[in-house]
Amino acid sequence: MSIKGAALIAGAYEHPLREIPDKSLAQVHAEVALGAVADAGLTMADVDGYFCAGDAPGFGAISMADHLGLRLSYMDSTETGGSSYLAHVGHAATAIAAGKCHVAFGQHADPREAGRMSSLPAPVPAVNPETKPFWEATTRHELLLKRCDSREAVIWYPRQVCPACSSTATTWFPASGRGMIYSFTVVRRGQGYRGVGPYMLAYVELEEGPRLLTNIVDCNPDDVAIGDPVEVVFHETEQKRHCPASSVDDPQGG
Ligand SMILES: [Zn+2]
């Protein structure tokens, strides 16, 4: 079955506000939904397909469908953690092509409250049995990596299974902590880290091979260039665990 030409995007809506403390999450979801459907020249009575991910309140999509009074022949609550709404577009086109619904919409409203996220560069990391040695090492200001015993390939991010050969025979070893900037961007404004910009998001290529997504800290972003040598530094988080970030060795690029 091809979905090419089977469906089209008829309406879109972006809420005019970014922080809405006086409205419930369901209310914001509903306003966005109503805006998109109205933009398509339709009403909720025309809708028979609904797509919504884990940011919906209550039981997710089913709660929002009830909240909006939708009468559906198709519903999808796929959650892919940040890209759900891209997946929903494809799923909606597929559902329409397959005749499971005719008019579908999906919406997103981020439930995070302003100020809930910690400021850069120290979000509190989640620790599980697989990553515990890594986070314990950061408290000693040591960067641990994993190596696959059979291929001698260095694994990033830390995990038990080797992504190259699926072996679970992998071993921790201390990394040099040295690398170079592979690529970077300067974020001057953003929703999650309001008030801390500008900050730098970068891929750092470690001497051992892996490229880490990290922050470049303790520097003037205007002095930083691709290829600059960097060294890992550790910033203490609210819960005493430490997050690795990178500091520029020589802002002139050596
Ligand atoms: Zn391997």
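**Entry 1. Serine 84**

I take a residue as buried when its relative accessible area is under 20%. I applied this cut-off to serine 84 of the predicted model: with a relative accessible area of 1%, serine 84 is therefore buried. I located serine 84 in helix 3. I then looked for a polar partner and found that the side chain of serine 84 reaches the backbone nitrogen of threonine 80 at 2.9 Å. I also listed the contacts of serine 84, leaving aside neighbours within four places in sequence, and noted Ala53, Thr78 and Glu79.

**Entry 2. The chain as a whole**

I looked up the secondary structure of the chain and recorded 4 helices and 11 strands. The chain has 254 residues, and buried residues make up 35% of them. I next turned to contacts between residues at least 6 apart in sequence; 59% of these join residues at least 24 apart.

**Entry 3. The three-stranded sheet and helix 3**

I examined an open sheet of 3 strands and read its order as 2-1-3, with parallel pairing. Strand 2 (74-76) and strand 3 (104-106) are the edge strands, each pairing on one side only. On average, and with direction ignored, neighbouring strands of this sheet are turned by 10 degrees against each other. I returned to helix 3, which spans residues 84-97 and packs on the sheet, where the helix touches strand 1, strand 2 and strand 3. The direction of helix 3 makes about 165 degrees with that of strand 1.

I then inspected the pairing of strand 1 (residues 49-51) with strand 2 and found the parallel sense over 3 bridges. Within this pairing I noted glycine 49, which stands opposite tyrosine 74 in strand 2.

**Entry 4. The nonpolar cores**

I asked which residues have the most contacts inside the largest nonpolar core. They are Leu143, Ile181, Leu206, Ile216, Val230 and Val248, in a core of 19 residues. I traced the elements that each supply at least two residues of this core: helix 4 (132-139), strand 4 (144-148), strand 8 (199-206), strand 9 (211-217) and strand 10 (229-236). The largest share, 4 residues, comes from strand 8.

I followed isoleucine 216 further, not counting residues up to four places away in sequence. Isoleucine 216 touches Ile181, Met200, Ala202, Val204, Val230, Ser246 and Val248. I also found a second, separate core of 15 residues, which includes Cys52, Ala61, Met64 and Leu68. As general background, I note that nonpolar side chains tend to be buried together in soluble globular proteins.

**Entry 5. Threonine 214**

I looked up threonine 214 and found it in strand 9. Threonine 214 has 7% relative accessibility and so counts as buried. I computed its C-alpha to C-alpha separation from methionine 200 as 8.3 Å, the two residues being 14 apart in sequence.

**Entry 6. The zinc site**

I asked which residues coordinate the zinc ion. The donors are Cys148 (SG), Cys162 (SG) and Cys165 (SG), at 2.2 to 2.3 Å. Along the chain, the donors follow the spacing C-x13-C-x2-C. Cysteine 148 lies in strand 4, whereas cysteine 165 lies in the loop between strand 5 (154-155) and strand 6 (170-174), so the pair ties together parts that are 17 residues apart in sequence.

I then checked whether these two cysteines are buried or partly exposed. Cysteine 148 counts as buried because its relative accessibility is 0%. Cysteine 165 has a relative accessible area of 24% and is partly exposed.

**Entry 7. Backbone geometry**

I recall that most residues other than glycine have a negative phi, and that most peptide bonds are trans. I therefore searched for departures from this pattern.

I found a cis peptide bond from tryptophan 156 to tyrosine 157, with omega near 0 degrees. Tyrosine 157 is in the loop between strand 5 and strand 6.

Serine 166 lies in the loop between strand 5 and strand 6 as well. The phi of serine 166 is positive, near 70 degrees. At 56% relative accessibility, serine 166 counts as exposed.

I also noted a positive phi, near 60 degrees, at histidine 141. Histidine 141 lies in the loop between helix 4 and strand 4. With a relative accessible area of 46%, histidine 141 is partly exposed.

Note on methods
Residues are numbered from 1 along each chain as its sequence is written. This is a predicted model: local features need pLDDT of at least 70, side-chain atom pairs count only at pLDDT 80 or more; totals for chains, interfaces and linings use all residues. Side-chain values use heavy atoms; hydrogens and water are left out. Two strands pair if DSSP finds at least two bridges between them. Axes are lines fitted to C-alpha atoms, for helices over the stretch in contact, and angles run from 0 to 180 degrees between N-to-C directions. Contact means heavy atoms within 4.5 Å. A nonpolar core is a set of buried Ala, Val, Leu, Ile, Met, Phe, Trp, Tyr and Cys residues joined through side-chain atoms within 4.5 Å. Buried means under 20% relative accessible area, exposed over 50%, partly exposed in between (1.4 Å probe, protein chains only). Donors are N, O and S atoms within 2.8 Å of the metal (3.2 Å for Na, K and Ca); water is not among the atoms, so sites may look incomplete. A polar contact is a pair of N or O atoms within 3.5 Å; within protein, one must be able to donate a hydrogen and the other to accept it, and residues adjacent in sequence count only if both atoms are side-chain atoms.
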